[in-house]
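Here is a friendly walk through one protein model, from its open and closed spaces to the way its helices and strands fit together. Have the viewer ready and follow along.

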Amino acid sequence: MSDPVADLPRAWGGVAGSGILRSCPEDFEVIEDLGLEPSGEGEHVFLKIRKRNLNTVEVAGHIARVAAVRSRDVSYAGLKDRRALVTQTFSVHLPGKADPDWRVLEGDNLKVLDAQRHHRKLRRGALRGNRFRLRIRDFQGDPVLLDERLGQLANGGAPNYFGSQRFGRDGGNLQHAQALFAGERKKVRRNKRSIWLSAARSWLFNQVLAERVRQGSWNALLEGDVLQLARGRGQFQAEMDEHLQERLRALEVHVTGPLCGKPGRSLAPRGIAGNLEKQLLAGHDAWIKGLERLGLEADRRALRMSVHALRAEHLGTTVQLEFGLPAGSYATVLVRELINFTE
């Protein structure tokens, strides 16, 4: 299977050129923004780590061994790229225990930046967003068009597709998900199953978003849409009024798309938006029923991501980008709106 993201439509027209992204880990720098400071006391240690060429799960396992705790006692807000220079926080549950010597964790690819106590553990998704500094090397293209695209992204956001990382090499996670739905895989580790099921519903989300990009409604209100606040996860049923349209244009709220699963507390679109979603998902009943059967609860995700503090600097044939994205949004998805890139 080829890259499931490669042929998804772009929102702002053709790319401005081509280049190389992530020629080394330092070209892809990520700084996690939790939106909170540790209190200085409590049962949990917040460890701020800088890692290079290490994935989040590897680092969590290393922390658990050094702290002599179970793997479930180490938590983090989100998975981060392996091939990158990443600053990320982990929490370790150490009730009534002294801190170990955290310097034991350190090596060529890992540095402990800070260790402070807090009264709560880190939970998945509990972060404000991430800041990025990316270098695109060997840029070949139109710098004027690139600057135009940058302005469009800064003012209008970008389609909030799930990136290639979610689907594994050549979309392999989707093949595993299909095997799960078909009953061909019985005994699967919980974390593997979670990754495969998340990939399946991410692919379904991308299909809905892709069609709304083609129709030009990924950033526009359809009758019956469910909207999400840009700050926070609050969702509500849309009303077709001018004030709401203004909030949508101001990036204060975003239209949402489906994260399929068993019905729960999540709102469902109605009217025109609801009918469109049903049509787009109609051929994927087996996957949707599989997600329901295997316990995933339906949710919604913004179709658009806001881009914060976007800056670009032209350094010869290198373009350096700096920007912030909300939690769960992919920097590579933003970059593909600008250029065709290789890694």
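## Pockets, packing and pairing

Helix α6 gives the largest share of the lining of the second largest pocket, 4 residues. Before going further, please note that this is a predicted model, in which local features need pLDDT of at least 70 and side-chain atom pairs count only at pLDDT 80 or more, while totals for chains, interfaces and linings use all residues. Residues are numbered from 1 along each chain as its sequence is written, and side-chain values use heavy atoms, with hydrogens and water left out.

About 440 Å³ of space lies in that second largest pocket. On a 1 Å grid over the protein atoms alone, a pocket is an open set of points with protein on both sides within 12 Å along at least five of seven lines, a cavity is a set where a 1.4 Å probe fits but cannot get out, and lining residues have an atom within 4 Å of a point. Volumes are the space filled by probe spheres set on the points, which are joined across faces, edges and corners. The pocket has 19 lining residues, and Pro 258, Ala 268, Pro 269, Glu 277 and Arg 300 lie nearest its centre. At least two lining residues come from each of β11, α6 (271-281), α7 (285-293) and β12; such helices (H or I, at least four residues) and strands (E, at least two) are DSSP runs numbered from the N terminus.

There is also 1 cavity of 30 Å³ or more, and the largest cavity has a volume of about 30 Å³. Its lining consists of Arg 311, Ala 312, Glu 313, Gln 320 and Glu 322. Both β14 (308-315) and β15 (318-326) supply at least two residues of this lining, with β14 giving the largest share, 3 residues.

The two linings can be set side by side by residue class (Ala, Val, Leu, Ile, Met, Phe, Trp, Tyr, Cys and Pro are nonpolar; Asp, Glu, Lys and Arg are charged; the others, Gly among them, are polar).

| Lining | Nonpolar | Polar | Charged |
|---|---|---|---|
| Second largest pocket | 10 residues | 4 residues | 5 residues |
| Largest cavity | 1 residue | 1 residue | 3 residues |

Now to the helices. The axes of α3 (residues 172-181) and α4 (residues 190-215) come within 8 Å and cross at roughly 100°. The axes are lines fitted to C-alpha atoms, for helices over the stretch in contact, and angles run from 0 to 180 degrees between N-to-C directions. The two helices α3 and α4 are therefore roughly perpendicular to each other, a term for angles of 65 to 115 degrees. Their contact (heavy atoms within 4.5 Å) includes Leu 174 and Phe 181 of α3 and Trp 196 and Trp 203 of α4. By class, the contact residues are 10 nonpolar, 2 polar and 1 charged.

An open sheet of 4 strands follows the order β10-β9-β11-β12, with antiparallel pairing. Because β10 (235-237) and β12 (299-302) stand at the edges with a single partner strand each, one side of each is left without a neighbour in the sheet. The twist averages 45° from one strand to the next. Pairing requires at least two DSSP bridges between two strands; β9 (residues 226-229) and β10 have 3 bridges in the antiparallel sense. Helix α4 packs on this sheet, touching β11 (253-259) and β12, and its direction makes about 130° with that of β11.

Elsewhere, strand β3 (residues 44-52) pairs antiparallel with β5 (residues 85-93) over 9 bridges, where Leu 47 has Phe 90 in β5 as its bridge partner. Strand β3 also runs antiparallel to β6 (residues 110-118), joined by 8 bridges.

Methods
Angles under 35 degrees count as roughly parallel, over 145 as roughly antiparallel, 65 to 115 as roughly perpendicular and the rest as oblique.
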